[in-house]
Amino acid sequence: MTDLDAPLALDDPAAPHSASGESVPTHDLSDVAPPARPARRWFPQRVVATPPAYDHPHGRHIMDRIEAYGIEVERLTSARLTGVRGENDRQTYARAKSTLAIVVSPPSRRKLQPIAPSADWRFDLAEGCPAHCQYCYLAGSLSGPPVTRVYADLDDILDGLSEYAGHGTVTSRRASRRDEGTTFEASCYTDPLALDHLTGSWQRAVQHFGAWNAPVQLRWTTKFDEVDNFVGLSHNRRTRVRFSVNCLPVTTRMEGGTSPLADRLAALRKLALDGYPVGLTIAPIMTVDDWRERYGELLDAVAAAIDGVPDLDLTAELITHRFTPGSKEVLLGWYPRTRLEMDEDARTRKHGKFGAVKYVYPADIMTELRGWFESEIASRLPACRILYWT
Ligand code: SF4
């Protein structure tokens with residue numbers, strides 16, 4: 001039995017790109033996790049809706065959209081979802097990853113959390129993601145089978161943001177980011193472009209911020225490329241879409257079910273040409289073989305993608321790979337044949353917020369990586385502003 005009223009990701013610590021270190025059961029799912037391959041538009045095999053979800057206009061809108069694709073929406077009589085647990089963990093993971101639930105957001109998600117260094121506040125329009133990244137930062141913090149939840153109470157969620165405008169610490173304390181206003185991050189526990197064709201939620205959010213006449217910014221990051229529905233929206237440059245990118249050895253081997261790098265960069269160009277502020281989330285940065293050459297190729301590919309874009313507003317967020325005992329345990333269970341390096345002896349042990357242990361690259365490697373990225377971005381992408389390194 002899966003309780004769809006419960007959040008999928010545990011609340012504390014709220015740490016995107018850095019799993020929580022919770023102890024969770026492991027799963028041997030090597031036959032389930034697909035290899036990295038070009039994403040097709042994702043369609044769930046099973047869609048369910050809880051009763052309160054269809055009381056909301058946006059919930060009914062999502063159901064209509066999904067039914068228009070010819071997919072049946074099961075109307076549940078409660079938030080209890082059965083039929084996800086399979087005969088073994090492998091089956092359970094596979095069923096959960098191909099199930100979409102239309103639900104009302106849990107009350108805990110309606111109280112926004114700060115989300116430094118990315119943004120002032122985090123809000124959620126969905127939780128869960130159909131992709132299969134072998135380093136997934138959600139891995140250590142899931143409370144049960146990873147059924148993707150999309151939220152029907154979109155209007156209430158968007159209305160609730162107004163009380164947070166003008167507050168927050170990230171953008172107001174950093175002079176280099178003051179022009180962003182109060183920032184709201186909408187991709188902590190999901191990938192928006194993996195789901196927007198099914199919900200339209202992020203299109204609505206872009207329009208909401210576009211019409212919100214205040215110093216505010218919506219931001220999200222994605223590994224997908226379906227942006228045509230966003231071109232032409234009244235965004236008023238109040239949404240920054242960042243593309244999560246990496247060097248090819250990482251994108252092709254470790255990011256199952258996501259869009260190929262070239263397609264993500266083509267999507268970045270489309271949005272930049274439509275006047276959106278855009279960004280790169282270069283994450284997780286890894287010391288793969290020949291990393292300077294491989295990341296150099298990535299920066300050159302970005303330079304080609306932004307060539308000739310007028311009024312370009314491009315930022316970069318640089319996030320090195322880290323893991324926690326909990327995320328390592330889960331990821332090795334899901335992807336036992338992964339080539340992802342998670343060797344505690346080669347890392348420095350650190351305590352994050354709330355005391356969670358995490359393993360990061362040692363200081364000398366961090367310094368070398370940071371120096372390389374800062375100087376190469378300055379020379380290969382001179383228009384790009386680095387927002388933070390972590
Ligand atoms: S895109 Fe990859 S890293 Fe991001 S939530 Fe989905 S599986 Fe995890």
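**Exercise 1. Backbone at Arg237 and Asp311**

Locate Arg237 in this predicted model, and state whether Arg237 is buried, partly exposed or exposed.

*Solution.* Step 1: Arg237 sits in the loop that runs between strand E12 (216–222) and E13. Step 2: its phi is near 55°, which is a positive value in a residue other than glycine. Step 3: the count of other C-beta atoms within 10 Å is 13 for Arg237. Because a residue with 12 or fewer is exposed and one with 20 or more is buried, Arg237 is partly exposed.

Carry out the analysis for Asp311: where is its place, and is the residue buried or exposed?

*Solution.* Step 1: the loop between H10 and strand E16 (314–320) holds Asp311. Step 2: phi of Asp311 is near 50°, again a positive value in a residue other than glycine. Step 3: Asp311 has 9 C-beta neighbours inside 10 Å and therefore counts as exposed.

**Exercise 2. The faces of helix H10**

Compare the expected span of helix H10 (residues 291–306) with the distance between its end C-alpha atoms, and determine which residues of H10 are buried.

*Solution.* Step 1: H10 has 16 residues, and at 1.5 Å a residue they should span 22 Å. Step 2: the end C-alpha atoms of H10 are 23 Å apart, which agrees. Step 3: the buried residues of H10 are Tyr295, Leu298, Leu299, Val302 and Ala305. Step 4: viewed down the axis of H10, these buried residues fall within an arc of 115°, so they line one face of the helix. Step 5: the general rule is that an α-helix has 3.6 residues a turn, so residues three or four places apart point the same way. Step 6: Glu293 and Ala304 are exposed on the other side of H10. Step 7: the packing partners of the buried residues of H10 are strand E13 (239–245), helix H9 (261–273), strand E15 (278–285) and helix H12 (363–380). Step 8: just after H10, Gly308 has a positive phi of about 75°.

**Exercise 3. The surroundings of helix H1**

Identify the buried residues of H1 and the elements against which they pack.

*Solution.* Step 1: the 12 residues of helix H1 (residues 57–68) should span 16 Å at 1.5 Å a residue, and the end C-alpha atoms, 16 Å apart, agree with this. Step 2: His58, Gly59, Ile62 and Ile66 are buried in H1. Step 3: these residues cover an arc of only 110° around the axis, which puts them on the same side of H1. Step 4: on the other side of H1, the exposed residues are Pro57, Asp64, Glu67 and Ala68. Step 5: the buried residues of H1 pack against several elements, including strand E2 (46–49), strand E5 (99–103), strand E10 (148–151) and helix H6 (192–199).

**Exercise 4. The contact of H6 with H7**

At what angle do H6 and helix H7 (residues 201–211) pack, and which residues meet?

*Solution.* Step 1: in general, two packed helices are described by the angle between their axes and the distance between the axes. Step 2: for H6 and H7 the angle is about 95°, and the axes are 6 Å apart. Step 3: angles of 65 to 115 degrees count as roughly perpendicular, so H6 is roughly perpendicular to H7. Step 4: Pro192, Asp196 and Thr199 of H6 meet Ser201, Trp202 and Gln203 of H7. Step 5: the residues of this contact divide into 2 nonpolar, 3 polar and 1 charged.

**Exercise 5. Tyr151 and Leu76**

Decide whether Tyr151 is buried or exposed, and which residues Tyr151 touches.

*Solution.* Step 1: Tyr151 belongs to strand E10. Step 2: its 26 C-beta neighbours inside 10 Å mean that Tyr151 counts as buried. Step 3: leaving aside residues up to four places away in sequence, Tyr151 touches Val103, Val104, Ser105, Asp124, Leu125, Ala126 and Ile157. Step 4: Ala126 is 25 residues from Tyr151 in sequence, yet their C-alpha atoms are 5.6 Å apart in space.

How far apart are the C-alpha atoms of Leu76 and Ala49?

*Solution.* Step 1: Leu76 lies in the loop between E3 and strand E4 (80–81). Step 2: Leu76 and Ala49 are 27 residues apart along the chain, and their C-alpha atoms are separated by 5.9 Å. Step 3: with 19 other C-beta atoms within 10 Å, Leu76 is partly exposed.

Definitions and conventions
Residues numbered from 1 in each chain as written. Predicted model: local features only at pLDDT ≥ 70, side-chain atom pairs only at ≥ 80, totals over all residues. Helix = DSSP H or I, 4+ residues; strand = E, 2+ residues; numbered from the N terminus. Expected span 1.5 Å × (residues − 1). Arc of directions from axis to C-beta. Contact = placed C-beta atoms within 7 Å. Axes fitted to C-alpha atoms, helices over the stretch in contact; angles between N-to-C directions. Parallel < 35°, antiparallel > 145°, perpendicular 65-115°, else oblique. Nonpolar A, V, L, I, M, F, W, Y, C, P; charged D, E, K, R; others polar.
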